Amino acid sequence: MENLKRPRKVAVVGGSLSGLMCAVSLKHAGFDVTVIEREGNLRESHMAGVGFGLDMVSFLHRHDRIFSPFTLRILHMQSVPIDLDVKVFVNWRRDITSWDAYYFRLRSMFDGFASSYYPSSPVASETDGAALFLPRKEVVDIWRNNNCEGDGDARPLIVEVRDRDTREVAKIQADVVIGADGPSSVIRSKYLPDYGRRTVGYVTWRGVIPERDVSEATRELLKRSSNVHMAPCQHCITYLIPGENGSLEPGERHFNFAWYTNETPESLSELLVDAVDGHRHRYTVPAGRIRESIWKAKIEDARSAPFPEPFLELVTKIKKPFVQAITETDVPPRAAFEDGRVLLVGDALCQYRPHTALSATQAAFDSLLVAEHLRGAISLAEWEEKVLRFARLHSSQSRYWGRFYQEGAMAALVSACRYWWYCWVDRMKSWWRGEAPLLRTTKFRRLDEDGN
Ligand SMILES: Cc1cc2nc3c(=O)[nH]c(=O)nc-3n(C[C@H](O)[C@H](O)[C@H](O)COP(=O)(O)OP(=O)(O)OC[C@H]3O[C@@H](n4cnc5c(N)ncnc54)[C@H](O)[C@@H]3O)c2cc1C
């Protein structure tokens with residue numbers, strides 16, 4: 001890659017948050033970018049929150065050209081026990097949006113895609129590169145074009161793409177390929193077949209509840225916080241996210257609810273069966289397709305657990321529940337292949353457990369650094385060292401929290417030691433180089449009622 005003087009054409013595999021953040025930052029840096037995405041343009045709501053860590057804020061500061069608000073602000077993290085003796089354990093200002101609001105905003109910025117969230121696109125800059133989004137196209141392989149003149153570094157990459165509707169296969173040529181195709185990445189499995197995705201022994205039962213369907217007392221208690229209820233080997237979390245079409249209006253917003261329970265391989269296999277077609281899903285049963293008997297039994301579990309009253313109210317008001325097996329990947333030894341022409345980012349590089357809500361922040365961090373590297377501001381070695389260090393820190397942190405919640409403090413100790421070791425390495429490296437550490441810890445401090 002060091003020999004490839006001016007890459008121009010970039011192909012991004014995967015058009016979710018990581019792919020789109022890379023695509024936007026590269027387009028704004030003047031590259032011609034093609035995003036290849038397996039799903040259609042109109043993605044279904046993930047019914048999920050996206051928390052803003054430091055790098056998401058930096059990304060938006062540099063690249064957001066829409067400017068209208070699209071986030072809600074959380075001021076605390078509080079525990080909600082059965083007797084409702086609520087304790088704020090962290091004063092914590094964090095902005096949160098929904099997956100779909102952020103997806104459509106990024107689409108509007110990348111290729112001007114008009115949606116009910118963002119009907120018009122922002123004004124382009126003269127220095128922008130070209131932007132092309134190819135929906136319902138699946139990447140099946142990539143390789144170097146041996147029929148071209150020149151040495152290895154000068155030969156472009158060929159991306160083989162299959163149309164999901166016609167089954168036709170086409171070839172796209174690119175100087176650089178970004179693998180942003182998520183935790184089951186085909187790009188990662190090509191270069192790192194031993195670093196696959198694995199389940200970790202628990203699942204999350206999820207859903208959203210429109211705020212207007214919730215009692216006044218529950219809304220008042222939960223509305224400005226990230227709310228956690230912990231019980232032995234299970235926990236629940238709930239917080240507000242934007243509602244339909246990204247609405248931030250009180251009453252139209254949604255409570256996002258997630259309940260983590262441990263499962264044996266047998267119970268996992270049983271609960272992943274689809275209510276509609278009987279198909280056994282690999283990791284996620286989509287919204288509204290959990291079998292009725294399974295969900296009824298879960299509600300009974302919530303009643304007998306018992307849940308605190310506001311949490312019970314929320315879980316019983318979920319109309320379209322879905323369940324996800326929690327998975328993770330190990331941090332690979334490398335993030336760059338084909339002499340730096342193929343780069344992995346986001347969940348394709350490393351999938352964290354969800355407890356620290358830092359996956360989208362990793363995506364932003366990787367994307368900003370990809371753009372710096374491709375425009376020559378940092379070397380390939382520096383890019384790779386930083387994205388891998390970031391992944392090691394935050395994946396070990398998420399594993400530590402996951403084990404703490406689901407297995408208890410003693411079981412989490414080994415993971416904690418690993419995490420503290422990576423923190424120490426990060427501190428030392430950053431100090432030696434005179435740079436800020438990569439660990440994204442939140443500074444805890446007192447906030448006023450408006451979160452300032
Ligand atoms: C249902 C759901 C709920 C979530 N909830 C939360 C949450 O509450 N909080 C949180 O922080 N994070 C959550 N996440 C994770 C978060 O959305 C991701 O971490 C974040 O979007 C960054 O992921 P990514 O873009 O790297 O990968 P992904 O979002 O997995 O995107 C990968 C993309 O690549 C596409 N793709 C895959 N293979 C191919 C191929 N061969 N060719 C072309 N395209 C391909 C996929 O269709 C997909 O669009 C959730 C994810 C899901 C799926």
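Helices here are DSSP runs of H or I at least four residues long, strands are runs of E at least two long, and both are numbered from the N terminus. With that in hand, here's a quick tour of what is a predicted model. We'll start with the ligand, which lies between two domains, then look at helix 10 and a handful of residues picked out for their backbone or their surroundings.

**Around the ligand**

- The ligand has 29 residues around it, and the closest are Ser16, Ser18, Glu37, Gly49 and Asp347.
- Two of those serines reach ligand oxygen atoms with polar side-chain atoms: Ser16 at 2.7 Å and Ser18 at 2.6 Å.
- Arg43 has a contact of this kind too, with a polar side-chain atom 3.0 Å from an oxygen atom of the ligand.
- On its own the ligand would expose 980 Å², and the protein buries 87% of that.
- Sorted by class, the shell is made of eleven nonpolar, nine polar and nine charged residues.

**Who builds the shell**

- Three elements each chip in at least two shell residues: helix 1 (17-28), strand 7 (137-144) and helix 9 (346-349).
- Strand 7 gives the most, with three residues.
- Why do we say the ligand sits between domains? Because domain 1 (9-71 + 98-196 + 329-397) and domain 2 (198-327) both give residues to the shell around the ligand.

**Helix 10**

- Helix 10 covers residues 359-374, and a quick length check works out: at 1.5 Å a residue its 16 residues should span 22 Å, which agrees with the 23 Å between its end C-alpha atoms.
- This helix is largely enclosed by the rest of the structure, because 14 of its 16 residues are buried.
- Right after helix 10 comes Gly376, which takes a positive phi of about 90 degrees.

**Backbone oddities**

- Phe67 isn't a glycine, yet it has a positive phi of about 70 degrees.
- You'll find Phe67 in the loop between helix 2 (54-63) and strand 4 (72-79).
- Is Phe67 buried or exposed? Its relative accessible area is 66%, and the cut-off for exposed is over 50%, so Phe67 counts as exposed.
- Leu84 is another non-glycine residue with a positive phi, this time near 60 degrees.
- Leu84 belongs to the loop between strand 4 and strand 5 (87-98), and with a relative accessible area of 36% it is partly exposed.
- Ala305 and Pro306 are joined by a cis peptide bond, with omega at about -10 degrees.
- Pro306 itself is in the loop between helix 7 (292-304) and helix 8 (309-316).

**Two buried residues**

- Thr238 is part of strand 13 (residues 234-241).
- At 0% relative accessibility, Thr238 counts as buried.
- What does the side chain of Thr238 have beside it? One of its polar atoms lies 3.0 Å from the backbone oxygen of Asn256.
- Phe70 is placed in the loop between helix 2 and strand 4, and this residue is buried, with a relative accessible area of 7%.
- If you want a sense of distance, take Phe70 and Gln173: they are 103 residues apart along the chain, and their C-alpha atoms are separated by 36 Å.

Note on methods: Residues are numbered from 1 along each chain as its sequence is written. This is a predicted model: local features need pLDDT of at least 70, side-chain atom pairs count only at pLDDT 80 or more; totals for chains, interfaces and linings use all residues. Side-chain values use heavy atoms; hydrogens and water are left out. A residue is near a molecule or strand if one of its heavy atoms lies within 4 Å of it. A polar contact is a pair of N or O atoms within 3.5 Å; within protein, one must be able to donate a hydrogen and the other to accept it, and residues adjacent in sequence count only if both atoms are side-chain atoms. Accessible areas come from the Shrake-Rupley method with a 1.4 Å probe; for residues, only the protein chains shown count as cover. Ala, Val, Leu, Ile, Met, Phe, Trp, Tyr, Cys and Pro count as nonpolar, Asp, Glu, Lys and Arg as charged, and the others, Gly among them, as polar. Domain bounds come from an automatic or database domain assignment. The expected span of a helix is 1.5 Å times one less than its number of residues. Buried means under 20% relative accessible area, exposed over 50%, partly exposed in between (1.4 Å probe, protein chains only).
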